[in-house]
Amino acid sequence: MLIGYATKCAFCGRIILDHVVGKISFAAGRAFHPVCLAKWRESGLPALPNWPSTRAGYFREFTKKPATPSLQESIRPSGSEIEAKVVDYLRAGIVLVRASRVVRDPLDQEQSVIGDNSIVTDLVWEWPEYYPRLIQRYHVSIPAEFYEHMLRVGWRVPSVEADE
């Protein structure tokens, strides 16, 4: 069950929270502030691309999509020296979609809860809320591009001022 959502306006690029009544409109598969939707329609400009555009931490054992990487194949015997920094970075992410559905660990015989189905972002990358626990539990590898991004931003997720 979806219980909260934040997105970026496809015209002005500012954050919109769905719980702010009357602050979100949809067109062409994108979200807009109501005033921005009218401006966008008048402008004839293309909408900003959906964001974030890059994903990490989605494994076929959870998604059931064969094109996604396998969690089992991503497991490493031990963590690296930067694993704690990666986990801290992921936990500092901004909740993009809040969901209340429990996610169970498919590799655990007990099927223990690994997290929920929320989606987290740093405004460039997105990942499932449970991704840090997979890294801690199984030392899963992360995409090299994601690691390089974390280094470039100095291990800091940007803060977001939401329109209220």
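This is a short walk through the structure, stop by stop, with something to select at each one.

**The whole chain**

Keep everything on screen to start with. You're looking at a predicted model, with six helices and 11 strands in its secondary structure. Of the protein's 164 residues, 41% count as buried. The accessible surface comes to about 9300 Å², and carbon and sulfur atoms make up 53% of that. Among contacts with a separation of 6 or more, 56% are between residues 24 or more positions apart.

**Colour by confidence**

Now colour by pLDDT. The average for the protein is 81, and 80% of the residues score at least 70. Select helix 4, residues 83–91: its mean pLDDT of 96 is the highest among the elements. Then jump to strand 11, residues 162–163, where the mean is the lowest, at 47. Where pLDDT is low, don't read the predicted coordinates in detail.

**The salt bridges**

Side chains of opposite charge can pair when their charged atoms come close. How many salt bridges are there to find? The count comes to three, so let's visit each, with 4 Å between nitrogen and carboxyl oxygen as the cut-off.

Select E126 and R55 first. Their side chains form a salt bridge, N to O at 3.7 Å. E126 sits in strand 10 (residues 125–128) and R55 in strand 5 (residues 54–55), so this pair ties together parts 71 residues apart in sequence. E126 counts as buried, at 9% relative accessibility.

Next, pick D105 and R137. Here the closest N and O atoms of the salt bridge are 2.6 Å apart. This pair also links distant parts of the chain, 32 residues apart: D105 is in the loop between strand 7 (102–104) and strand 8 (113–116), while R137 belongs to helix 5 (residues 131–138). Is D105 buried or exposed? D105 is buried, with a relative accessible area of 0%, whereas R137 is partly exposed at 38%.

For the last one, select E129 and R133. The closest N and O atoms in this salt bridge are 2.4 Å apart. R133 is partly exposed, with a relative accessible area of 25%.

**A charged residue without a salt bridge**

Go to D116 in strand 8. D116 is buried but has no salt bridge. Which side chain of opposite charge is nearest to D116? That's R98, 4.6 Å away, and the pair misses out because a salt bridge needs the atoms within 4 Å. What D116 does have is a polar contact of 2.8 Å with the side chain of S118. Show its surroundings too: leaving out residues up to four places away in sequence, D116 touches A99, R101, V102, V103, E129 and Y130. You've already met E129, in the salt bridge with R133.

**A serine in a loop**

Select S70, in the loop between helix 2 (60–63) and helix 3 (71–74). S70 is buried, at 5% relative accessibility. Turn on backbone atoms and follow its side chain: the backbone nitrogen of Q72 is reached at 3.2 Å, and the backbone nitrogen of E73 lies 3.3 Å from a polar atom of the S70 side chain. Setting aside neighbours within four places in sequence, S70 contacts F59, R60 and E61.

**Last stop**

Finish at L151, in helix 6 (residues 144–152). L151 is partly exposed, with a relative accessible area of 42%. Draw a line from its C-alpha to that of V86: they are 9.9 Å apart, with their positions 65 residues apart along the chain.

Conventions
Residues are numbered from 1 along each chain as its sequence is written. Side-chain values use heavy atoms; hydrogens and water are left out. Helices (H or I, at least four residues) and strands (E, at least two) are DSSP runs, numbered from the N terminus. Buried means under 20% relative accessible area, exposed over 50%, partly exposed in between (1.4 Å probe, protein chains only). Contact means heavy atoms within 4.5 Å. Accessible areas come from the Shrake-Rupley method with a 1.4 Å probe; for residues, only the protein chains shown count as cover. Lys and Arg count as positive and Asp and Glu as negative; His and the chain ends are not counted. A polar contact is a pair of N or O atoms within 3.5 Å; within protein, one must be able to donate a hydrogen and the other to accept it, and residues adjacent in sequence count only if both atoms are side-chain atoms. pLDDT is the predictor's confidence in each residue, from 0 to 100.
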